Amino acid sequence: MKDAVYLDKSKRKYKGNLHTHTTWSDGSQEALDVVAAFKAKGYDFISITDHDIFARTADYDTESFIVLPGMERGGLNLVLDEDPGYHFGVLDDPTMQSEKERFHHLQAFEVPIPWEGPQSPQKLIDEMKAHGNLVIFNHPEWHLTRFEDMVQYDGFFAVEIYNHATEWTPSSSYGAAYWDHALQNGKRMFGIAADDSHEHDQGSKIAEYGGGWVCVEAEELTQQGIITALKNGQFYSSSGPEIFDYRVENGVVHVECSPCQYMMFKAFPLRGPFLVERVTGELMSSGSMKIKQGMQYIRVECVDEKGRIAWSNPIFVADLAEGE
C-alpha cells in the first residue's frame with residue numbers, strides 16, 4: 001500500500017466561505033460590506049453566490065483576500081412554489097475549457113426553472129458545467145433531497161455537508177448522511193461546509209455568518225490556486241476545529257487536529273474506530289487507524305468540546321494500491 005499526504009501541516013491553508021448572499025439577490029448587505037465582514041473574521045476568500053445572479057468581480061481582491069466568481073442556481077422544484085427542490089453552488093473554474101461562453105458579472109437567470117421530469121437536475125448540472133463551472137449540491141437536508149439523488153445525478157464535485165444558516169433556522173444543516181450514501185454507492189465526491197449567510201450583522205447574538213467554512217491547502221491565493229486545490233480535495237471543512245495534517249503511512253491513517261473531545265473514523269463497509277481519551281479525560285489532538293482489507297473509503301470527523309466538527313475528505317483506498 002502506497003503512502004499519501006492529503007493535508008500537510010507544513011503548508012499554508014486558506015480559509016474561505018463558498019456560499020453567501022448580498023443585496024444582488026436576497027441578502028441584507030451590499031457586497032462591499034459582506035467582504036468587510038469576512039475579512040474581519042480572518043477569512044482569505046469567499047464566493048458571492050447570490051440566487052441566480054452570477055458575480056464576477058475583482059473589485060474586492062487584494063494580495064491577502066480574493067472573491068471567487070460564482071452564484072447559487074436554484075428554483076428547480078418538483079412541486080411549484082414548494083420548498084422541496086434543488087439548489088446548486090456554481091463556481092467558475094479557470095482550469096477547465098468551457099464548451100459555452102462563461103457567465104459575466106451580474107448575469108441573471110430564469111427563475112423558476114421549468115420542471116421537465118426527473119432529468120431536470122442533471123440537465124441543470126450539465127448546463128452549469130458546460131459554461132466552465134464547478135457544481136456543488138447545496139443543503140440537501142434542508143431541501144428534503146432524496147438519498148437516491150446523490151447517486152442518480154452526476155457531475156457535481158462536492159455536496160454541502162454543513163450549512164450554517166439552516167443550523168439555527170429549520171435545524172436541517174447536516175448533509176453528511178447524503179455524502180456517505182453517495183460514497184457507499186461508489187461516487188467520488190468531497191464535502192463542503194458553508195454559511196449560506198444572508199445577514200452579516202456583527203452585533204447579532206446568533207451570528208449567521210462565520211459558522212461553516214473550508215480550509216484549502218493551495219499553492220497560492222488565486223482563483224486558479226484555490227479551485228485547483230478544491231478539485232483535488234486538498235481541503236477540509238469545519239464548523240469549529242482545525243485539521244492540521246492528514247496522511248497515510250505504512251497502511252495507517254494519521255490525523256493531527258486542534259484539541260477535540262473525540263474523533264471518529266468513518267469507514268465503509270467496515271466500521272472505523274471511535275477515539276476518545278476516556279481514561280485521562282484529556283482532549284485529543286491526534287489519532288490513527290489501520291486500514292483494513294476490504295475498506296473502500298475512510299474519512300475523519302474531529303469533534304470539539306462544543307460539538308463543532310471538522311470533516312476530512314475521503315481517502316479512497318483503491319488509490320493506495322501499489323502500481324496505481
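## Salt bridges, cores and a four-stranded sheet

A search of the whole structure finds 18 salt bridges, a salt bridge being a side-chain nitrogen of Lys or Arg within 4 Å of a carboxyl oxygen of Asp or Glu. The structure is a predicted model, in which local features need pLDDT of at least 70 and side-chain atom pairs count only at pLDDT 80 or more, while totals for chains, interfaces and linings use all residues. Residues are numbered from 1 along each chain as its sequence is written, and side-chain values use heavy atoms, with hydrogens and water left out.

Helices (H or I, at least four residues) and strands (E, at least two) are DSSP runs numbered from the N terminus. Buried means under 20% relative accessible area, exposed over 50%, and partly exposed in between (1.4 Å probe, protein chains only).

### Charged pairs

Side chains of opposite charge can pair when their charged atoms come close. Three of the pairs are listed here with their N to O distances.

| Pair | N to O distance |
|---|---|
| K231 and D93 | 2.8 Å |
| K100 and E127 | 3.0 Å |
| D149 and R146 | 3.1 Å |

The salt bridge between K231 and D93 links distant parts of the chain, 138 residues apart: K231 belongs to helix α5 (residues 223-231), and D93 to the loop between β7 (85-92) and β8 (107-108). K231 is partly exposed, with a relative accessible area of 33%, whereas D93 is buried at 1%.

K100 and E127 also link distant parts of the chain, 27 residues apart, with K100 in the loop between β7 and β8 and E127 in helix α2 (residues 120-130). K100 counts as partly exposed because its relative accessible area is 39%; E127 is partly exposed at 30%.

In the pair of D149 and R146, D149 is buried at 1% relative accessibility, and R146 is partly exposed at 36%. A network of salt bridges links D8, D245, R247 and E249.

### Nonpolar cores

A nonpolar core is a set of buried Ala, Val, Leu, Ile, Met, Phe, Trp, Tyr and Cys residues joined through side-chain atoms within 4.5 Å. The largest has 39 residues, and V253, V255, I291, I298 and C302 have the most contacts inside it. Elements giving two or more residues to this core include β1 (4-7), α1, β14 (243-249), β15 (252-260), β18 (284-290) and β19 (297-303). The helix α1 gives the most, with 5 residues.

Contact means heavy atoms within 4.5 Å. Not counting residues up to four places away in sequence, I291 touches M1, V248, G251, V253, I298, V317 and L320. Apart from the largest core lies another, of 33 residues, among them A176, Y178, L183 and I309.

### The sheet

Strands of a sheet pair through backbone hydrogen bonds, either parallel or antiparallel. Two strands pair if DSSP finds at least two bridges between them. Here 4 strands form an open sheet in the order β1-β14-β15-β18, with antiparallel pairing. β1 and β18 are the edge strands, each pairing on one side only. The antiparallel pairing of β15 with β18 runs over 6 bridges, and S286 in β18 is the bridge partner of E256.

### A buried loop residue

T22 lies in the loop between β2 (14-17) and α1 (31-40). T22 counts as buried because its relative accessible area is 0%. Leaving aside neighbours within four places in sequence, T22 is in contact with G27, Q29, E30, A31, V34, I48 and D50.
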